[in-house]
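Visitor: Could you take me through one part of this model slowly, the turn between two paired strands and whatever surrounds that part? I'd like the wider setting too.

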Amino acid sequence: MTTTTECPVCGMPVDEQNPGATASFDAQTYLFCSESCRDEFLADPGRFVGNTGS
Ligand SMILES: [Zn+2]
């Protein structure tokens, strides 16, 4: 059985065992469908994690 999560950038399902890319932010590891989504996430993480503290 394959476990999937959602790419926080585009919402596509991501295979947790074989993600297209990963990044660590705010003590969490995020999984992405592709390196381009990771790059977009890293350009402005707060936009995707919804944790700006405001
Ligand atoms: Zn994506």
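Visitor: To get my bearings before we zoom in, how many helices and strands are there in the protein?

Guide: This is a predicted model, and the protein has 2 helices and 4 strands. Reading from the N terminus, the elements go β-β-β-β-α-α. The radius of gyration is 11 Å, close to the 10 Å that the globule rule gives for 54 residues, so the protein is as compact as a globular protein of that length. If you want box dimensions, the C-alpha trace spans about 40 × 20 × 20 Å along its principal axes. Of the 54 residues, 19% count as buried. As for contacts between residues at least 6 apart in sequence, 22% of them join residues at least 24 apart.

Now for the close look. Strand S3 covers residues 21-25 and strand S4 covers residues 28-32; the two run antiparallel and are joined by 5 bridges. Let's walk the ladder from one end. Ala 21 has Phe 32 of S4 as its bridge partner, and Phe 25 stands opposite Gln 28, also in S4. The hairpin that S3 and S4 form has 2 residues between the strands.

Those loop residues are worth a check of the backbone torsions. Asp 26 lies in the loop between S3 and S4, and its phi is positive, about 55°, although Asp 26 is not a glycine. Ala 27 sits in that loop between S3 and S4 too. Its phi is also positive, about 70°, and again Ala 27 is not a glycine. How about exposure? Asp 26 counts as exposed because it has 9 C-beta neighbours inside 10 Å. Ala 27 has 5 other C-beta atoms within 10 Å, so it is exposed as well.

For a reference point elsewhere in the chain, try Thr 3, which is in the segment before strand S1 (4-6). Thr 3 and Asp 26 are 23 residues apart in sequence, and their C-alpha atoms are 23 Å apart in space. Thr 3 has 8 C-beta neighbours inside 10 Å, so it counts as exposed.

Move from the loop into S4 and the picture turns to the nonpolar core. In soluble globular proteins, nonpolar side chains tend to be buried together. Here the largest nonpolar core has 8 residues: Cys 7, Val 14, Tyr 30, Leu 31, Phe 32, Cys 33, Cys 37 and Phe 41. The elements giving two or more residues to this core are S4 and helix H1 (35-43), and S4 gives the most, with 3 residues. Phe 32, the bridge partner of Ala 21, is one of the core residues.

Tyr 30 is a good place to finish, as another member of that core. Leaving out residues up to four places away in sequence, Tyr 30 touches Pro 8, Thr 22, Ala 23, Phe 25 and Phe 41. One of these, Phe 25, is the residue opposite Gln 28 in the ladder, while Phe 41 belongs to the nonpolar core along with Tyr 30. So much for the strands; back at the turn, Asp 26 and Ala 27 are exposed, and Asp 26 is the residue with phi near 55° in the hairpin of S3 and S4.

Note on methods:
Residues numbered from 1 in each chain as written. Predicted model: local features only at pLDDT ≥ 70, side-chain atom pairs only at ≥ 80, totals over all residues. Buried ≥ 20, exposed ≤ 12 C-beta atoms within 10 Å, placed from the backbone. Rg over C-alpha atoms; globule rule 2.2 N^0.38 Å. Contact = placed C-beta atoms within 7 Å. Pairing = 2+ DSSP bridges. Core = buried A, V, L, I, M, F, W, Y, C linked by C-beta atoms within 7 Å.
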